[in-house]
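Colleague: I'd like to learn how to read a protein model without getting lost. Could you walk me through one?

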Amino acid sequence: MLLDATFARELEALRRRMEVRARSGSGGDHLARKRGGNAEFQEHRPYYPGDDLRRIDWLAFARTGEPMFKLFRSEEDVVVRLVVDASLSLDMGEPTKLEVAKKLAAAIGYMALAGSERTQVLAAGNGLSHVSEPTRGRATLPKLLRELDRITPNGGTDLARAIEQTVMRSPRPGMLVILSDFMDSGPFDAAVSRAAAAGHDVAMVQVLAREEIEPRYDGDFALEDAETGVIVEVTMDAAAIEAYLARLNKLLLGLRAIAKRNRATYVRVPNDEPILSAIRRFVARKID
């Protein structure tokens, strides 16, 4: 099950902290990051480090002694687009990386729908292999979960192409959440930068299997590339594992650098990490 009632209740406390930095410009309900203008005050929430100091309610602070942050409901509309990597490389681990990615997408989608944002599911293979229609409101959650359920691992991936196709088919920028292992040799970094330059609020959620992070292999192996079927014979000894970890660390540092350059979120999620823990970091806009 991607999202049960107990987990949904736990997400309620987090969803009020989820804000989107992009604007799509059409009519609708949206928690704005701006102040004044046509934005209507909605509610207070506790202040968190990094929030805009101009939106602290100083009168409420004087009364309570606690800094309170003002949220506004804007006339602008936002689409939260969930791009889920559906390549065969996600079909590993227990639970599989794809299962974890879909649960994370379900949690983010639930918070968006509960916050009156529109939400859309896109499956990424060699480009976009499936695109759902955006939906809005809690009542459409079952449709969102069905769209995620139907994503199955298949073939290879061209993550850069999938991101660029998502941007091209998006008439207005919104929140772009990319859920992948990012084990892609293509230039997805340039695609992420173009998405951010186009006004999208980008979040990269990297899902890795525990055995990818902490490999415990020893001996001779014939390894098959899940996406291409190419078989490579390797000897897994201390030197080979050290070389692999060096390449993995280079990837992780690269993703952090991409996030920093583009004011994006980057959350790295081992497949054995509790989903709620990862969602907390996502909402806090962390760069792991």
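Modeller: Let's go feature by feature, starting with how far to trust the picture.

Colleague: Fine by me. What is the mean pLDDT of the protein chain?

Modeller: Keep in mind that this is a predicted model, and pLDDT is the predictor's confidence in each residue, from 0 to 100. Here the chain averages 85, with 82% of its residues at 70 or more.

Colleague: Which elements have the lowest and the highest mean pLDDT?

Modeller: Strand 1 (residues 27-32) is at the bottom with a mean of 42, and strand 12 is at the top with 98. Over residues 23-37 pLDDT stays under 50. The model does have 61 contacts beyond four places in sequence for that stretch.

Colleague: Now the overall build. How many helices and strands does the protein chain have?

Modeller: Count nine helices and twelve strands. The chain has 288 residues, and 49% of them are buried. Its accessible surface is about 13,800 Å², and carbon and sulfur atoms account for 51% of that. Also, if you take contacts between residues at least 6 apart in sequence, 74% join residues at least 24 apart.

Colleague: Where do I look for the inside of the protein?

Modeller: The general idea is that in soluble globular proteins, nonpolar side chains tend to be buried together. In this model the largest nonpolar core has 49 residues, and L11, V80, L104, L148, V177, I279 and F282 touch the most other members. Helix 3 (residues 97-114) gives the largest share of this core, 13 residues. A separate core of 26 residues includes L159, I178, M204 and L248.

Colleague: Let me zoom in on one of those. Which residues is L11 in contact with, leaving aside its neighbours within four places in sequence?

Modeller: L11 is in contact with L3, A107, Y110, M111, L276 and I279.

Colleague: L276 and I279 are in helix 9, right? Why is helix 9 described as largely enclosed by the rest of the structure?

Modeller: Right, and both are buried there. Helix 9 (residues 275-283) has nine residues and seven of them are buried, so the rest of the structure largely encloses it. The buried ones are I275, L276, A278, I279, R281, F282 and V283. Their cover includes helix 1 (5-15), helix 3, strand 8 (175-180), strand 9 (201-208) and strand 12 (265-270). After helix 9 comes R285, which has a positive phi, near 60°.

Colleague: What about aromatic rings? How do I describe a pair?

Modeller: You give the distance of the centres and the angle of the planes. Searching the whole structure turns up two aromatic pairs. For W58 and F61 the ring centres are 5.9 Å apart and the planes are at 85°, so this pair is edge-to-face. Both residues belong to helix 2 (residues 58-64), three residues apart, which is about one turn of the helix.

Colleague: Are W58 and F61 buried or exposed?

Modeller: W58 counts as exposed because its relative accessibility is 52%, while F61, at 33%, counts as partly exposed. The other pair is F182 and F188, with centres 5.4 Å apart and planes at 55°, so it is tilted. F182 and F188 are both buried.

Colleague: Now a polar case. Where is D57 found?

Modeller: Look in the loop between strand 2 (40-46) and helix 2. D57 has a relative accessible area of 15%, so it counts as buried. Its side chain reaches the backbone nitrogen of L59 at 3.1 Å, and that of A60 at 3.1 Å. Beyond four places in sequence, D57 is in contact with H44, M68 and K70.

Colleague: And S170: which backbone oxygen does its side chain reach?

Modeller: That of T166, at 2.4 Å. S170 sits in the loop between helix 5 (159-168) and strand 8, and its relative accessible area of 10% makes it buried. Further along the sequence in either direction, past four places, S170 is in contact with R81 and H200.

Colleague: One last stop, in helix 5. How far apart are the C-alpha atoms of A160 and G127?

Modeller: They are separated by 7.8 Å, although the two residues are 33 apart along the chain. A160 is found in helix 5 and is buried, with a relative accessible area of 5%. Past four places in sequence, A160 is in contact with D184, P187, F188 and A191. You've already met F188: its ring pairs with that of F182.

Technical notes. Residues numbered from 1 in each chain as written. Predicted model: local features only at pLDDT ≥ 70, side-chain atom pairs only at ≥ 80, totals over all residues. Heavy atoms only, no water. Core = buried A, V, L, I, M, F, W, Y, C linked by side-chain atoms within 4.5 Å. Buried < 20%, exposed > 50% of the residue type's maximum accessible area, 1.4 Å probe, protein only. Helix = DSSP H or I, 4+ residues; strand = E, 2+ residues; numbered from the N terminus. Contact = heavy atoms within 4.5 Å. Areas by Shrake-Rupley, 256 points an atom, 1.4 Å probe, with all protein chains shown as cover. Phe/Tyr/Trp six-rings, centres within 6.5 Å; stacked < 30°, edge-to-face > 60°. Polar contact = N/O pair within 3.5 Å; in protein donor to acceptor, adjacent residues only side chain to side chain.
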